[in-house]
Amino acid sequence: MTSMVEMLAMGLACPDCPTQSAAREIFFTQDLWVRLTGTLGPLVVTAAAVALFVTKLRRYGLGRDARRVGGGA
Amino acid sequence: MNRGDTRLVTGGTTIGVGLAGFVDGILFHQILQWHEMVSSVVPPIDLLSVKLNMLYDGVFHAVMWVTTVVGILFLVGAVGEERRLPVGPTFGGAVLVGWGVFNVVEGLVDHQWLGLHHLHPGAGQAAWDAGFIVVSAALAVVGAAVLVHTVRQAEPQLGAA
């Protein structure tokens, strides 16, 4: 089992270790937008779908209220 | 539905999205280690590729954390508002809708379209991906049905238009 001290000495886990720097370099230079689209895109699409759903549900509820208060079906 | 109900539903769906992301990231990425965020395009075969996947997982978790906070803010806003819908089924149904819709979209975008990762890579990965979408869609449908039923059961609001 490698101790944290040994990991630091090997440059595996520290703020500016070579692997951290290399990972950040790849993050910003290789296919960033495609991968960010996959990471963030589903959230944006879901937000739009949820907003549409809540709007429709609210309209449904208000329309139902109006019919019942007005004596409709 | 009044403004308080709308905030409760919006908060519930937003928190559902955040919970879906956390379950995906914590259960599938970290505990089971079936896949990571970009593991199908950057296979985690050495320390550098593991760290790059870890970085994308971190971005994903950070976004889900912000999403959850936004959902909590909607709930806090609903606390002070008059509400007509019961909290339990309204919040529960909304969470299922958010959870299910996010997983369906994530499955279609990341698994099917971009191929950044697959739920359970290897033999039968297409079946795992399809099953994930089907189960998630079922969650969303059940949540929507609960919400519509809850709205139907609510007493009408006088003066509603």
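**Exercise 1. The third helix of chain B**

Task: In this predicted model, compare the end-to-end distance of α3(B) with the span that its 27 residues should give, and find where the helix has a kink.

Solution: Begin with the length, for which 1.5 Å a residue gives an expected span of 39 Å for the 27 residues of α3(B). The C-alpha atoms at the two ends of α3(B) lie 37 Å apart, which agrees with that expectation. Next, look along the helix for a bend: α3(B) has a kink of about 25 degrees, and this kink is centred on B:Gly107. Finally, step past the helix to B:Gly115, which follows α3(B) and has a positive phi, near 65 degrees.

**Exercise 2. From a loop to the residue after the helix**

Task: Determine where B:Val38 lies, whether B:Val38 counts as buried or exposed, and what distance separates its C-alpha atom from that of B:Gly115.

Solution: Start with the location, since B:Val38 is part of the loop between α1 and α2 of chain B. Its relative accessibility is 0%, so B:Val38 counts as buried, the limit for that class being under 20%. Then turn to the distance: although B:Val38 and B:Gly115 are 77 residues apart along the chain, their C-alpha atoms are separated by 8.4 Å.

**Exercise 3. Aromatic pairs**

Task: State how many aromatic pairs the structure holds over all chains, and describe the geometry of the pair made by A:Phe27 and B:Tyr56.

Solution: Over all chains, the count of aromatic pairs is 5. One of them joins A:Phe27 to B:Tyr56, with 4.8 Å from centre to centre and 50 degrees between the planes, and this pair is tilted. It crosses between chains, because A:Phe27 belongs to helix α2 (residues 18-29) of chain A while B:Tyr56 belongs to helix α2 (residues 47-79) of chain B. As for accessibility, A:Phe27 counts as buried at 8%, and B:Tyr56 is buried too, with a relative accessible area of 0%. A further pair is formed by B:Phe60 and B:Phe102, whose ring centres are 6.5 Å apart and whose planes stand at 25 degrees, so this pair is stacked. Since B:Phe60 lies in helix α2 of chain B and B:Phe102 in helix α3 (residues 87-113) of chain B, the pair ties together parts that are 42 residues apart in sequence. Both B:Phe60 and B:Phe102 are buried. To complete the picture, return to the rings shared by the two chains, where ring pairs link A:Phe27, A:Phe28 and B:Tyr56 into a cluster.

**Exercise 4. Salt bridges**

Task: Find how many salt bridges the structure holds over all chains, and work out which parts of chain B are tied together by B:Arg7 and B:Glu81.

Solution: The number of salt bridges over all chains is 4. Take chain A to begin with, where A:Arg24 and A:Asp16 form a salt bridge whose closest N and O atoms are 3.8 Å apart. Here A:Arg24 is partly exposed at 34% relative accessibility, whereas A:Asp16 is exposed, with a relative accessible area of 64%. In another salt bridge of chain A, the side chains of A:Arg35 and A:Asp31 meet at 3.6 Å, N to O; A:Arg35 counts as buried at 5% relative accessibility, while A:Asp31, at 49%, counts as partly exposed. Moving to chain B, the side chains of B:Arg7 and B:Glu81 meet in a salt bridge at 3.3 Å, N to O. Because B:Arg7 lies in helix α1 of chain B and B:Glu81 in the loop between α2 and α3 of chain B, this pair ties together parts that are 74 residues apart in sequence. B:Arg7 is partly exposed, with 27% relative accessibility, and a network of salt bridges links B:Arg3, B:Arg7 and B:Glu81.

**Exercise 5. Positive phi outside glycine**

Task: Give the phi of A:Asp31 and of B:Gln33, and locate each residue.

Solution: Recall as background that most residues other than glycine have a negative phi. For A:Asp31, phi is positive, near 55 degrees, and the residue sits in the loop between α2 and α3 (32-69) of chain A. For B:Gln33, phi is likewise positive and near 55 degrees; B:Gln33 is found in the loop between α1 and α2 of chain B and is exposed, with a relative accessible area of 59%.

Note on methods
Residues numbered from 1 in each chain as written. Chains lettered and ligands numbered in written order. Predicted model: local features only at pLDDT ≥ 70, side-chain atom pairs only at ≥ 80, totals over all residues. Heavy atoms only, no water. Phe/Tyr/Trp six-rings, centres within 6.5 Å; stacked < 30°, edge-to-face > 60°. Helix = DSSP H or I, 4+ residues; strand = E, 2+ residues; numbered from the N terminus. Buried < 20%, exposed > 50% of the residue type's maximum accessible area, 1.4 Å probe, protein only. Expected span 1.5 Å × (residues − 1). Bend = angle between axes of the 7 residues up to and from the residue.
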